[in-house]
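Here is a small set of exercises to work through with the model open beside you. Try each task first, then compare your steps with the solution.

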Amino acid sequence: MSGEHGEPGVERSRSTTLIRLRRTAPISTAVALGRRIIGLDVPPDHTVGDTLHINEPEAAELNPQETAQLRRVRLLGATGAVMMAIGALGLGAQPTLQNPTYGKAILGLPARVHNSGLATTMVGTVIVMLAWLLLGRFALGLQSNRIRRISRSQLDRTLLLWIIPLSVAPPMFSQDVYSYLAQGEIAASGLDPYDVGPVQGLGQDHILTRSVPNIWQNSPAPYGPLSIWLGKGIAEIVGDNMLAGVLLHRMLALLGVACIVWALPRLAQRCRVSPVAALWLGAVNPLVIFHLVSGVHNEAMMLGLMLVGLEYCLAALSNIGPMRGHTLVLLLSGTTLIALSAMVKIPSMLALAFVWMALSRKWGGDWRAVLRSALFLGCVTGTVMLAVCLGSGLGFGWIDTLTMANSVRSWMSLPTALGVVTGFGGVLLGLGDHTTALLSITRPIAALAASLIVVRLMVATWRGRLHPVGALGVAFGAVVLLFPVVQPWYLLWGIVPLAAWASRPAFRVPATIASAAISVMLMPSGSEIQPFVLIYAACITILTCTLMILATRKSLPWRLHHLGADTAPTAAGPSGPQS
């Protein structure tokens with residue numbers, strides 16, 4: 001009797017359970033999908049690590065024949081740099097007023113022979129790029145059967161020789177340094193550079209305003225307070241002396257490049273990658289020489305401080321034992337430097353996200369460790385940022401100008417290019433110009449995609465599937481590709497950290513091609529050139545470089561030959577085929 005009375009209750013209970021399962025099934029599925037999207041529930045080997053990274057073995061030194069070729073490659077690049085410096089006297093990004101070469105008999109000659117000056121500059125640019133490609137054979141060990149690489153001292157001397165001519169030449173490829181000078185002068189005069197542009201702050205006819213590109217003359221500063229603070233200090237020292245101001249800003253850029261040269265091989269050693277290969281792609285890169293050194297961009301300080309800070313943080317995290325004493329000092333110093341780099345340009349704050357994940361893993365890897373490390377790093381970063389904002393007297397106005405550059409439509413930005421091309425197609429079809437509306441769609445979608453990629457890479461670092469340096473480089477690569485505004489030197493955000501980790505051809509080949517191609521695309525003056533002058537200079541460049549390659553085909557390694565073949569047995573044995 002009891003069984004008969006219990007059956008309806010059992011059926012109702014089963015029905016209720018089924019209804020609950022049906023109701024919660026979509027939620028469970030969505031949660032499971034979300035966890036997989038951000039990388040929480042994926043196989044341990046499910047990363048880009050195997051695609052981009054492999055440990056590189058120790059390498060021998062170059063043999064005498066290779067060393068002789070290296071000297072000729074070094075001289076070739078130095079010749080190109082000198083040609084660029086000479087051409088910059090007339091075709092560089094010269095100031096509108098206080099041009100030190102104007103009216104000079106010899107220094108002003110390149111400006112008076114405009115066509116020849118442009119051809120000289122373009123030939124020098126291509127020669128430096130070609131010399132860099134040839135140098136890569138010795139840095140990557142491509143010229144020998146057994147891997148033999150250039151030594152660190154040989155590479156340092158080469159970089160120094162190529163940088164010196166451009167360090168004393170007028171700026172090239174960009175006029176941004178004049179914006180730095182104007183923003184520093186605005187801050188030095190007691191005004192807020194985050195509230196007024198050069199025209200409002202200094203006046204239309206001010207000597208510094210006249211040299212600022214038209215697009216930025218009415219725009220507040222889009223840079224961090226540390227960058228403006230340094231510019232303010234320079235303005236207080238030199239006033240409106242443009243030559244002295246440019247030289248001091250270039251000294252800051254050279255200091256940033258020196259930080260890159262110091263940190264990059266150390267990070268590469270942590271990732272078991274050849275230090276000279278990392279330096280060749282990350283520091284001797286033509287984009288670094290042309291845009292950070294010659295172009296005087298503040299990316300040099302941003303990247304230099306970020307990489308040094310990252311090295312300090314990873315040195316602290318690699319130490320065994322509790323976080324105290326020297327280890328704690330390293331972590332605090334590294335976090336401080338990364339925070340300072342973010343006060344130059346905010347994108348470098350991304351490095352702290354991966355330090356956060358690595359620190360969480362060191363402290364146990366659970367959610368409590370994530371919160372503890374976030375609190376620790378957040379306190380240090382917040383203290384540094386607060387000190388810079390208040391100590392500089394600039395406050396927090398920089399937050400309102402972070403999106404100032406989005407008004408520029410950059411052809412290198414994927415979401416911007418997609419919106420502009422689609423809008424132009426609509427115009428051709430007679431549908432009207434809807435480019436602005438399309439950009440309001442493509443840019444947020446790209447930002448969401450970049451955010452998901454960054455979160456997934458953070459999780460991979462937290463779970464130990466990906467090295468922090470590699471994750472940071474891939475994250476920067478995704479951010480740059482999907483950024484609303486991309487300038488040629490922005491590629492260094494991803495290339496420089498990836499050079500220390502991504503050692504496979506899947507990264508090095510496209511990074512080399514992109515660096516070489518983009519480095520010769522911008523005009524040395526940073527502005528447009530008349531088409532017929534450009535065609536003339538391009539023809540001279542192609543002809544000159546072709547003749548140079550033919551004349552040096554036997555003395556320079558234009559074709560890949562295995563010099564000084566080793567007789568050591570391979571895996572196939574002494575009589576087997578030699579690789």
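## Exercise 1: Helix H17 and its two faces

A first fact to start from: helix H18 (435-462) and helix H19 (468-482) are among the elements that cover the buried residues of H17. Keep in mind throughout that this is a predicted model.

**Task.** Find which residues of H17 are buried, and work out how they are arranged around the axis.

**Solution.**
- Step 1: Start with the length. H17 runs over residues 414-428, and its first and last C-alpha atoms are 21 Å apart, close to the 21 Å expected at 1.5 Å a residue.
- Step 2: List the buried positions. In H17 these are Pro-415, Thr-416, Gly-419, Gly-423 and Gly-426.
- Step 3: Look down the axis. These buried residues lie on the same side of H17, because they cover an arc of only 100 degrees.
- Step 4: Recall the general rule. An α-helix has 3.6 residues a turn, so residues three or four places apart point the same way.
- Step 5: Turn to the face away from the buried side. There Leu-418, Val-421, Phe-424 and Leu-428 are exposed.
- Step 6: Step past the end of the helix. Just after H17, Gly-430 has a positive phi of about 80 degrees.

## Exercise 2: The same treatment for H22

**Task.** Check the span of H22 against the expected value, then separate its buried residues from the exposed ones on the other side.

**Solution.**
- Step 1: H22 has 21 residues, which should span 30 Å at 1.5 Å a residue; the end C-alpha atoms are 30 Å apart, so the two agree.
- Step 2: The buried residues of H22 are Val-533, Ala-537, Thr-541, Cys-545 and Met-548.
- Step 3: Their arc around the axis is only 85 degrees, which puts them on the same side of H22.
- Step 4: Pro-531, Phe-532, Ile-535, Ile-542 and Leu-543 are exposed on the other side of H22.
- Step 5: The cover over the buried residues of H22 includes helix H3 (64-91) and helix H5 (114-140).

## Exercise 3: Two buried loop residues

**Task.** Decide whether Thr-401 and Ile-529 are buried or exposed, and find what they touch.

**Solution.**
- Step 1: Thr-401 sits in the loop between helix H16 (367-391) and H17. Its relative accessibility is 2%, so Thr-401 counts as buried.
- Step 2: A polar atom of the Thr-401 side chain is 3.1 Å from the backbone oxygen of Trp-398.
- Step 3: Setting aside residues up to four places away in sequence, Thr-401 touches Tyr-194, Pro-220, Ala-221 and Pro-222.
- Step 4: Ile-529 belongs to the loop between H21 and helix H22 (531-551). With 16% relative accessibility, Ile-529 also counts as buried, because the cut-off is under 20%.
- Step 5: Beyond its neighbours within four places in sequence, Ile-529 contacts Leu-118, Met-523 and Leu-534. The C-alpha atoms of Ile-529 and Leu-118 are separated by 9.4 Å, although the two residues are 411 residues apart along the chain.

## Exercise 4: Positive phi outside glycine

**Task.** Compare the settings of Arg-272 and Val-296: where does each lie, and is each buried or exposed?

**Solution.**
- Step 1: Most residues other than glycine have a negative phi.
- Step 2: Arg-272 has a positive phi, near 60 degrees. This residue lies in the loop between H10 and helix H11 (275-282), and at 57% relative accessibility Arg-272 counts as exposed.
- Step 3: Val-296 has a positive phi of about 55 degrees. Its place is the loop between helix H12 (286-294) and helix H13 (299-318), and at 2% relative accessibility Val-296 counts as buried.

## Exercise 5: Empty space

**Task.** How many cavities of 30 Å³ or more are found, and what lines the largest cavity?

**Solution.**
- Step 1: The whole structure holds 2 cavities of 30 Å³ or more, and the largest cavity has a volume of about 120 Å³.
- Step 2: The lining of the largest cavity includes Tyr-180, His-249, His-297, Met-301 and Val-296, the residue from Exercise 4.
- Step 3: Helix H9 (225-238) and helix H10 (242-270) each give at least two residues to that lining.
- Step 4: Now take the second largest pocket, with about 570 Å³ of space. H19 provides the largest share of its lining, 7 residues.

Note on methods
Residues are numbered from 1 along each chain as its sequence is written. This is a predicted model: local features need pLDDT of at least 70, side-chain atom pairs count only at pLDDT 80 or more; totals for chains, interfaces and linings use all residues. Side-chain values use heavy atoms; hydrogens and water are left out. Helices (H or I, at least four residues) and strands (E, at least two) are DSSP runs, numbered from the N terminus. The expected span of a helix is 1.5 Å times one less than its number of residues. Buried means under 20% relative accessible area, exposed over 50%, partly exposed in between (1.4 Å probe, protein chains only). The arc is that of the directions from the helix axis to the C-beta atoms. Contact means heavy atoms within 4.5 Å. A polar contact is a pair of N or O atoms within 3.5 Å; within protein, one must be able to donate a hydrogen and the other to accept it, and residues adjacent in sequence count only if both atoms are side-chain atoms. On a 1 Å grid over the protein atoms alone, a cavity is a set of points where a 1.4 Å probe fits but cannot get out, and a pocket is an open set with protein on both sides within 12 Å along at least five of seven lines; lining residues have an atom within 4 Å of a point. Grid points are joined across faces, edges and corners, and a volume is the space filled by probe spheres set on the points.
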